[in-house]
Amino acid sequence: MRRTIEANPSLFLVIMLLALWQILFWLVGRNALLPPLETILYLARLLQTARFWGHIAETGTAFIVALAISIVAGLAIGLALGINRMTAEVFEPFLLASNSIPKIALYPIVLLIFGIGMPAKIAFGAIHGVVPVAIFTLAACSNVPPIFFRAAAAMRLTRWDLIRSVLLPAALPDIFSGIRIGFSLTLIGTILGEMFGSQSGLGYLLMTAIGLQNIQVIMSVTLLLVLVAATVNTLLLKQDRRLRQPGG
Amino acid sequence: MRIVLYRLLAVVLPLALLEILCRNQIIKPLTLPAPSRIVLGLWAMIENGTFNAAIVKTLTNVALAFGLSVVVGIAAGAALHRARLLRTLLEPLFATYYAIPIYAFYPLFLIVFGLGDAPQVLIGFMLAVVSMIVSTLSGLDSLPPVLAKTPRVFQLGPVETIRRVTLPYAAPYLFTGVKLAIAYAFIGVIGAEFIMSSTGLGYEIRFAYDNLDNNVMYPLILLILLISVTVNMSLDRWDRALQARRGRV
Amino acid sequence: MDTPIPIHVSLRGVNRVYESKLGRTHALGPIDIDLRRGEFFAVVGPSGCGKSTLLDVIAALAPPSSGEVTFEGQPIGNTVPNGVGVVFQENASFPWLNVADNITFGLRRQPLDKAEIEKRLQYALQLMGLQDFAQAYPSQLSGGMRQRVCIARTLVMQPRLILLDEPFGALDQQTRLLMGDELLRIWRATGATVLLITHALDEAAMLADRVAVMSARPGRILEVIETGWPRERDSQIVSAPEFGQITARLWTLLRAQSMQALAPGSV
């Protein structure tokens, strides 16, 4: 038994969480929770309706654009600041501090600038995602061992070759970690953005369901979000570990 | 020293630019009032005490969420460090935990716990506790075997070993956890207030936004930024001072 | 313990077997040795032969699977006996304590008054040449200095048996020779029995009264060689002709064992 669990921890974790969910349902009752099976069935029903797919498409579009902005802007900021030791030292504390800000407090500003709708959601998603990508890229640049630069100088690499064949490959694992975390936070930011000042998308659906106390919709949408976030993150994490141990 | 100057400039210059843009109506006051007006507004607000109740409410809930997460996080981390099987089982959950939109659970908490402070505290706690658990685990994991053996050579009992060796060794890791926990407690509580509660700073910001009351909204946003950045930076500084002495920068 | 008995530590039929994912491993034994009170005893052996396991068993840090270990006539249990001090190869100084607090770490829980603690601290600082570093933190010291701190931390407990597990393994050659001299001084000054585990033949040959040569795993004692050095000695004996003979004898015994330890299939 022990061996089986150790070989497949994720599988047993899912089983354990489902069991806890079911037990919680028995404890708090039907007007607060839906049991796992019913939630899954309800989600399956929702997934057969065109309107639900419309919400998914809306959230998906906002998320993909926000993620693209997060990655491009995060890489640009991280590289621009990280390539020079001075700028890295000056700006790193700001980046780190901005990570600890409750960004939701900034949402009204985003709404005032962009108005209600798609651009505001995208902006709010990107605000969440850009910080970790920038922080990790910056750290990745300063973490490249100095001996690599000395070795590159000994091999008479040009500046461009240095960036392309030394700096980027050496920094890639860290940058990838930043993108992985950026992915998760962009999704969270986009959903949060949809919960206010939006007329469509999964976040909007969640918010209206809260207003109507529609537990079926709340739980199915939550389940869908958790499933997508957890699955993608697990896949990215696997790739992350592969990048960190080439050949291992 | 030059770095401090540059950092100061990096704050002051953009603010000055904003001030100029706002005063010349290039940025409309409906979008953003001039930074100086926001600061004065915050000052007046604190003097009048209009939002003292909201501030106290938010800070109390943050403190509760934070305190709970530190106590529970360290205890759970220490317990998991021993319970190998349970740890293997939970490891994938920890790895993917911060990818999950915790706010999506908020409506469920509302239904289960009602409209009091409990849902906000719980969200803050749920966000904070996992980073505390993970930091505790990594602190305990990194204890070198030779430092685990040494207390036995000096015949220390389990309690003394924890007090005189394990805790001091793991302290920097726990401190990292504490820093994260306090940031997450803020993010969780204020987010929860913003989404659905009817008290606290998060709620007041949302209320001001809904009423297009920029003269209240911006000073409150500034207040939240100031509190979280100040807490974060002073903990960071303290951490660095402690670590420099130990020579682990 | 008023009348000194010649035998200080005694091992009879000691084995250590442990289970791991790869199955049962017979790490050590059977071992029968006696350490005489006040002697300097060294153990050399190929890597992975169980030298460190032997030390752990004597220190009660790891239980023997069979056999019996006695210290001062008493069988040892599962806690480190009073009067035994251990110095490890790895840096075991506590990074959060300064040198003085590191050294008095073990004294704080003993019923000693402040003056006595201070006296022992000053003596240990003096003996280890650490007087100027009492307030320094380990991170500010070199590897050799940190190891001195660990030795001093053991000495202030006034152990009657000092176990050293490759204490100079992480140091450079010159520092090792000098630390060897200091170890000899400490040994003479304290009158303690010293057991030194090492993989360095010259270190064993230079420091010890007797050197035990261990076999590849499972570690057994192949032979115990008497060096015949006078009690007053220092690292200059490396130039004595006997030193070369002893080292050569040790290497002859060890060579076959080391090749066996290196062979494919062994872990």
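Select chains B and C and look at the boundary between them for salt bridges: in this predicted model, the rule finds one across the interface. To see that salt bridge, show the side chains of B:Lys149 and C:Asp56, which meet at 3.4 Å, N to O. Polar contacts can be added to the same view: six residue pairs across the interface of chain B and chain C are in polar contact, both residues having pLDDT 80 or more.

Stay on the chain B side and colour its helices. Helix H7 (145-153), helix H8 (158-196) and helix H10 (214-246) of chain B each supply at least two residues of the side that touches chain C. Which of the helices gives the largest share of that side? The helix to select is H7(B), with six residues.

Now widen the selection to the whole interface. On one side are 17 residues of chain B, in contact with 25 residues of chain C. Together the two chains bury about 2,100 Å², and 61% of this area is on carbon and sulfur atoms. Pick out B:Val153, B:Phe154 and B:Arg164 next: they supply 29% of the area that chain B buries against chain C, more than any other three residues.

Hide chain B and turn to the sheet in chain C. Six strands form an open sheet with mixed pairing, in the order E6-E7-E8-E3-E9-E10. At the edges are strand E6 (84-87) and strand E10 (221-226), each of which pairs on one side only. From one strand to the next, the twist averages 15°.

Within this sheet, select strand E3 (residues 40-44) and strand E8 (residues 193-198) of chain C. In which sense do the two strands pair? The pairing is parallel and runs over five bridges. One place to centre the view is C:Phe40, which stands opposite C:Val194 in E8(C). Then add helix H4 (residues 143-155) of chain C, which packs on the sheet and touches E6 and strand E7 (161-165). The direction of H4 makes about 175° with that of E6(C).

Next, go to C:Leu250, in helix H7 (residues 241-262) of chain C. Is C:Leu250 buried or exposed? It counts as buried because its relative accessibility is 0%, under the 20% cut-off. Leaving out residues up to four places away in sequence, C:Leu250 touches C:Val44, C:Leu201, C:Ala205, C:Val211, C:Val213 and C:Ile225. Measure also from C:Leu250 to C:Ala212: the two are 38 residues apart in sequence, and their C-alpha atoms are 9.1 Å apart in space.

A second stop in chain C is C:His8, in strand E1 (residues 7-20). At 1% relative accessibility, C:His8 counts as buried. Show what surrounds C:His8: beyond four places in sequence, the residues it touches include C:Leu35, C:Arg36, C:Arg37, C:Thr70, C:Phe71 and C:Glu72. Also among them are C:Arg160, C:Leu161 and C:Thr193.

The last stop is in chain A. Select A:Ile116, in the loop between helix H6 (107-114) and helix H7 (118-143). A:Ile116 is exposed, because its relative accessible area is 57%, over the 50% cut-off. Its contacts, again without residues up to four places away in sequence, are with A:Leu111, A:Gly197 and A:Ser198. How far apart are the C-alpha atoms of A:Ile116 and A:Gly197? They are separated by 5.1 Å, although the two residues are 81 residues apart along the chain.

Definitions and conventions. Residues are numbered from 1 along each chain as its sequence is written. Chains are lettered from A and ligands numbered from 1 in the order in which they are written. This is a predicted model: local features need pLDDT of at least 70, side-chain atom pairs count only at pLDDT 80 or more; totals for chains, interfaces and linings use all residues. Side-chain values use heavy atoms; hydrogens and water are left out. Helices (H or I, at least four residues) and strands (E, at least two) are DSSP runs, numbered from the N terminus. Buried means under 20% relative accessible area, exposed over 50%, partly exposed in between (1.4 Å probe, protein chains only). Contact means heavy atoms within 4.5 Å. Two strands pair if DSSP finds at least two bridges between them. Axes are lines fitted to C-alpha atoms, for helices over the stretch in contact, and angles run from 0 to 180 degrees between N-to-C directions. Buried area is the accessible area (1.4 Å probe) that two parts lose on being put together, summed over both. A salt bridge is a side-chain nitrogen of Lys or Arg within 4 Å of a carboxyl oxygen of Asp or Glu. A polar contact is a pair of N or O atoms within 3.5 Å; within protein, one must be able to donate a hydrogen and the other to accept it, and residues adjacent in sequence count only if both atoms are side-chain atoms.
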